[in-house]
Amino acid sequence: MNAPIPKPWIMDIAPYVPGKSKTDDGRTVAKLSSNENPLGTAPLARAAFEAGRASLDRYPDAGAAKLREAIAARHGLDPARVIYGTGSDEVLHLAAGAFAGPGDEVIFVRYGFAVYEIATRRVGATPVIAPDKDYATDVDAILSLVSDRTRLVFVANPNNPTGTFAAREDIARLHAGLPRTVLLVLDQAYAEYLTPDEDDHGLEMAREAANVLVTRTFSKIYGLAAERIGWGYASAGIIDAMHRIRAPFNVTTAGQQAAIAALAAEDFVTASREHNARWRGWFADQIDKLGNAGLRAVPSKANFVLVLFEGPVSAEEAYKALMEKGYIVRWLPGQGLPHGLRVSIGTAEETQGVLAAIREIVGAAG
Ligand code: PMP
């Protein structure tokens, strides 16, 4: 039978697998699978969202002028060089779409964010996978893979799903080692979870350099995942190219208004960061105490911890048993991590509960 034939590179894409929000038998349980903010959304942002829903019949501001101005004011940037997307996912796709195509290579790390591979293959470019250094980004491995065909390098910092962080010096070295024709996409979806002294200076690099794009999101610390708003910052030339392929009205009116209010809700952001640091530290310490059961926590600077199961109980067994006990975490066999579970930091109760459940599953005494 004749039928339209998808491009061969499209059929090479493994579909994105989102975090589950219900158990396989339909129960709603603690969702620690998508790195969302357990404290919810700042009240001011929610109020702005409600107000923004009033004008349903009108298109949103296609230029997102007020949102760009608010982002620029918050970070000391030029509003003309801010691009926005339906989640930072869209901004990542725009980068690949504008700068790579068939015959080109795009480099990212082995245990990286799944969208990099999708965005790369979608445009017919070839993924080039850099090995890790005990799960962390290895800048030298990335640099050694650069060829005449390299057009883009995607690096998430902190990285998902490992939570690992490359220090400012490493990011600077990566940039210094790349040809100026290669776009370095520094994905900072979790940057707000860092303390100011940990900042990797990505935005400073994007301000100065002609080949750096920094991406950020309102889905994580700002608690607006449902509205799908991300943004990026780069040189005027890069932003201009990306705008040409952006969907015209890609960020909703209510979303733009909520995001502007979320930027102003600094106390909420600080409380979210502090909650995360406290419970992430506690959770990782407790996991490391289960070392004799073969568990270990990969050091994380994000709002989740990758737990490795290297003992008698497998990550798959633990994943299923946790689901039974009411906790959905992320098992990532499709990303080369059949031995790991990524656990988002939840409320205090959820974090203590998931740890107690893990202890029971691996048979820890006490
Ligand atoms: N980058 C990384 C590293 C992420 O983990 C995520 C969320 N899973 C995103 C980008 C995309 O987030 P959003 O599209 O919600 O902005």
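Biologist: In which sense do strand β12 and β13 pair, and over how many bridges?

Modeller: In this predicted model, strand β12 (residues 330–332) pairs with β13 in the antiparallel sense, over three bridges. Within that pairing, Trp-331 is placed opposite Leu-341 in β13.

Biologist: How many residues lie between the strands of that hairpin, and which residue there takes a positive phi?

Modeller: Four residues lie between β12 and β13, and Gly-336 in this hairpin has a positive phi near 80°.

Biologist: Which residue stands opposite Arg-342 of β13?

Modeller: That residue is Leu-306. Strand β10 (residues 304–309) runs antiparallel to β13, and five bridges join the two.

Biologist: Why is strand β13 described as largely enclosed by the rest of the structure?

Modeller: A residue counts as buried when its relative accessible area is under 20%. Strand β13 covers residues 337–344, and six of these eight residues are buried, so the strand is largely enclosed by the rest of the structure.

Biologist: Let us turn to the ligand. Which residues come nearest to the ligand?

Modeller: There are 13 residues around the ligand, and the nearest are Ser-88, Asp-187, Tyr-190, Thr-217 and Ser-219. Helix α4 (residues 87–99) gives the most to this shell, with three residues.

Biologist: Which side chains have a polar atom at a short listed distance from a ligand oxygen atom?

Modeller: A polar contact is a pair of N or O atoms within 3.5 Å. For Tyr-190, a polar side-chain atom lies 2.6 Å from an oxygen atom of the ligand. The corresponding distance is 2.5 Å for an N or O atom in the side chain of Thr-217, and 2.7 Å for one in the side chain of Arg-228. The protein covers 93% of the 400 Å² of accessible area that the ligand has on its own.

Biologist: Which pocket does the ligand take?

Modeller: The ligand takes the space of the largest pocket.

Note on methods
Residues are numbered from 1 along each chain as its sequence is written. This is a predicted model: local features need pLDDT of at least 70, side-chain atom pairs count only at pLDDT 80 or more; totals for chains, interfaces and linings use all residues. Side-chain values use heavy atoms; hydrogens and water are left out. Buried means under 20% relative accessible area, exposed over 50%, partly exposed in between (1.4 Å probe, protein chains only). Two strands pair if DSSP finds at least two bridges between them. A residue is near a molecule or strand if one of its heavy atoms lies within 4 Å of it. A polar contact is a pair of N or O atoms within 3.5 Å; within protein, one must be able to donate a hydrogen and the other to accept it, and residues adjacent in sequence count only if both atoms are side-chain atoms. Accessible areas come from the Shrake-Rupley method with a 1.4 Å probe; for residues, only the protein chains shown count as cover. On a 1 Å grid over the protein atoms alone, a cavity is a set of points where a 1.4 Å probe fits but cannot get out, and a pocket is an open set with protein on both sides within 12 Å along at least five of seven lines; lining residues have an atom within 4 Å of a point. A molecule sits in a cavity or pocket if more than half of its atoms lie within 2 Å of its grid points.
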